[in-house]
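Me: I should like to learn how the side-chain features of a model are read. May we go through them one at a time?

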Amino acid sequence: MIRRPPRSTPKPSSAASDVYKRQMYALGNIIQNAIFHCKSIVTVSIIYTDLSVKIIITDDGNGFSKEIIDKLGEPYISKNTEGMGLGIFISKNLIENMGGKLSFYNSIDENAVVEIVFHNSILNI
């Protein structure tokens, strides 16, 4: 069951606004990476249950290489020669500091998958 906010949503507090900004930065960075490495398709799925919100980001690129998949989330790890390898590191830390969990794996088709899970109590849902 999806719960919708009331029509007149109160203005978020400064702390809530900061959490929102961190979530959006982390998600934006991961989606940007998927766009950079895809062939043509990036999919973002959101699965809501009574306990958690799961965000799954996939692309149709070549997936995570065996050399870096276990190191993703560490600083200076990148398959992008133009980047510094800090984007995923920062996103992972932001998500984990908010109590979320982040995992990286390749699909059966060898496409990259990033999965983010937040317990509803973290999100005040």
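Reply: Let us begin with accessibility. This is a predicted model, and glutamate 96 is partly exposed in it, with a relative accessible area of 35%. The range between 20% and 50% is the one called partly exposed.

Me: With which residue does the side chain of glutamate 96 meet in a salt bridge?

Reply: The partner is lysine 92, at 2.9 Å from N to O. Both residues belong to helix H2 (residues 87-97), where a spacing of four residues separates them by about one helical turn.

Me: Why do residues three or four places apart in an α-helix point the same way?

Reply: An α-helix has 3.6 residues a turn, so residues at that spacing point the same way.

Me: Which residues of H2 are buried?

Reply: Ile88, Ser91, Leu94 and Ile95 are buried in H2. Their arc around the axis is only 130°, which places them on the same side of H2. Just after H2, glycine 99 has a positive phi of about 90°.

Me: How many salt bridges does the structure hold?

Reply: The structure holds two. Besides the pair within H2, the side chain of glutamate 115 meets that of lysine 54, with 3.8 Å from N to O. Glutamate 115 lies in strand S4 (residues 112-119) and lysine 54 in strand S2 (residues 52-59), so this salt bridge ties together parts that are 61 residues apart in sequence.

Me: Are glutamate 115 and lysine 54 buried or partly exposed?

Reply: The cut-off for buried is under 20% relative accessible area. Glutamate 115, at 15%, therefore counts as buried, whereas lysine 54, at 28%, is partly exposed.

Me: What can be said of serine 52, which is also in strand S2?

Reply: Serine 52 has 18% relative accessibility and counts as buried. Leaving aside neighbours within four places in sequence, serine 52 is in contact with Ile47, Val117, Phe118, His119 and Asn120.

Me: How is an aromatic pair to be read, and which residues form the one here?

Reply: One reads the distance between ring centres together with the angle between the planes. The structure holds one such pair. Phenylalanine 64 and phenylalanine 104 lie 5.9 Å apart, centre to centre, with 90° between the planes, and the arrangement is edge-to-face.

Me: Where in the chain do the two phenylalanines lie?

Reply: Phenylalanine 64 is in the loop between S2 and H2, and phenylalanine 104 is in strand S3 (residues 101-106). The pair links distant parts of the chain, 40 residues apart. Both phenylalanine 64 and phenylalanine 104 are buried.

How values were computed. Residues numbered from 1 in each chain as written. Predicted model: local features only at pLDDT ≥ 70, side-chain atom pairs only at ≥ 80, totals over all residues. Heavy atoms only, no water. Salt bridge = Lys/Arg side-chain N within 4 Å of Asp/Glu carboxyl O. Buried < 20%, exposed > 50% of the residue type's maximum accessible area, 1.4 Å probe, protein only. Phe/Tyr/Trp six-rings, centres within 6.5 Å; stacked < 30°, edge-to-face > 60°. Arc of directions from axis to C-beta. Contact = heavy atoms within 4.5 Å.
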